[in-house]
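Work through the exercises below with the sequence and the model at hand. Each task is followed by a solution in steps.

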Amino acid sequence: MYLGIDIGSTTSKCALISQEGELLALSLVVGGIGTGGPEEALAKVLEEAGASREQIIAVAATGYGRASWTDSDYQVSELTCHGIGGRFVFPELRTLIDIGGQDAKVVALNEDGTMAEFLMNDKCAAGTGRFLDVMANILRLDIDSLGEEALSAQEHARISSTCTVFAESEVISQLAKGVERKAIVAGICDSVAARTATLAKRIGIKEPVCMSGGVARNSGVRAALEKALGVSLLYSPQCQHFGAIGAAIYAMRKTKKATN
Ligand code: ADP
């Protein structure tokens, strides 16, 4: 079997695939680079698959913390891995929008699945998972309830600040004015979607399109992004694992090529 490990800024994800490239198990642990998260994620995926470390033929590491994983045969960029993982789940995929804990990327894929172009925002927390984490914290909501809260809102508050720190003050002042919490959450999701849509429009959208990364699990952001881009987004519950799945497939392909 082959292992893909995606060590992110906030979470660690693993994917195990068989010799034939079938998905065997996935794991996710909150705790990314510089924490015990990666080791825990590995232990979890092995347990899930009922497998041992010795059965792993090759490992590919990806994500922000990929260089910190010394036990890898390959280190691969997240862009490549998300592209491969996205195509594994959606074989016709042409555009992938990945929003993680600290950056957002738009990847355009050619018809054969190779990467055509990409754009990235890694300079600013606004438009990333970090922005949503900060806002969830102020609103005393769990990160996984933001989506439903946003979708239940009739009105959307306008969050106009493009900086996380200013947006935080704006949210606090809206709360003080008595604006409904769900309207604020909807406005927060709109704000992330608007920034991502600007990035996506610069690269040009070709359908089918999907989101990946942890923020793809937020149905409020997905709905706001569909509206901002005017396209339907494909969704998979494995969206946060596309990088790890892509890394496992990468390890398999490279190993098979080297031994053929
Ligand atoms: P990284 O790879 O940089 O660690 P991820 O792709 O794992 O990042 O995404 C982490 C982000 O995903 C978090 O900052 C959070 O905003 C969001 N997130 C994580 N879990 C959920 C969830 N259950 N529902 C909605 N959003 C989530």
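Contact here means heavy atoms within 4.5 Å. Angles run from 0 to 180 degrees between N-to-C directions. The model is predicted.

**Exercise 1. Find which strands helix 8 lies across, and at what angle it runs to strand 1.**

Step 1. Locate helix 8 at residues 242-259.
Step 2. Follow its contacts: helix 8 lies across strand 1, strand 2, strand 3, strand 4 and strand 5.
Step 3. Compare directions: helix 8 runs at about 140° to strand 1.
Step 4. Turn to helix 1, residues 37-49, which lies across strand 1, strand 2 (11-17) and strand 3. Its angle to strand 3 is about 145°.

**Exercise 2. Give the order of the five strands in the open sheet, and name the edge strands.**

Step 1. Recall that strands of a sheet pair through backbone hydrogen bonds, either parallel or antiparallel.
Step 2. Read the order across the open sheet: 3-2-1-4-5, with mixed pairing.
Step 3. Look for strands that pair on one side only; these are strand 3 (23-30) and strand 5 (74-75), the edge strands.
Step 4. Examine one pair in detail. Strand 1 (residues 2-7) and strand 4 (residues 58-62) run parallel and are joined by five bridges. Within this pair, L3 of the chain stands opposite V59 in strand 4.

**Exercise 3. Describe the largest nonpolar core and state which element gives the largest share of it.**

Step 1. Note that in soluble globular proteins, nonpolar side chains tend to be buried together.
Step 2. Take the size: the largest nonpolar core has 43 residues, and I97, I188, M211 and L225 have the most contacts inside it.
Step 3. List contributors. Among the elements giving two or more residues are strand 6 (95-99), helix 5 (164-176) and helix 7 (219-229).
Step 4. Helix 6 provides the largest share, twelve residues.
Step 5. Check the surroundings of I97: leaving aside residues up to four places away in sequence, I97 touches residues including V106, A200, C210, M211 and L225.
Step 6. Set this core apart from another one of 17 residues, which includes L16, A25, L46 and W69.

**Exercise 4. How many disulfides does the structure hold, and are C189 and C210 buried or exposed?**

Step 1. Use the cut-off: a disulfide needs two cysteine sulfur atoms within 2.5 Å.
Step 2. The structure holds zero disulfides. For C189, the nearest cysteine sulfur belongs to C239 and is 14 Å away. For C210, the nearest is also that of C239, 8.5 Å away.
Step 3. Apply the limit for buried, under 20% relative accessible area. C189 counts as buried because its relative accessibility is 1%. C210 is buried too, at 0%.

Conventions. Residues are numbered from 1 along each chain as its sequence is written. This is a predicted model: local features need pLDDT of at least 70, side-chain atom pairs count only at pLDDT 80 or more; totals for chains, interfaces and linings use all residues. Side-chain values use heavy atoms; hydrogens and water are left out. Buried means under 20% relative accessible area, exposed over 50%, partly exposed in between (1.4 Å probe, protein chains only). Two strands pair if DSSP finds at least two bridges between them. Helices (H or I, at least four residues) and strands (E, at least two) are DSSP runs, numbered from the N terminus. A nonpolar core is a set of buried Ala, Val, Leu, Ile, Met, Phe, Trp, Tyr and Cys residues joined through side-chain atoms within 4.5 Å.
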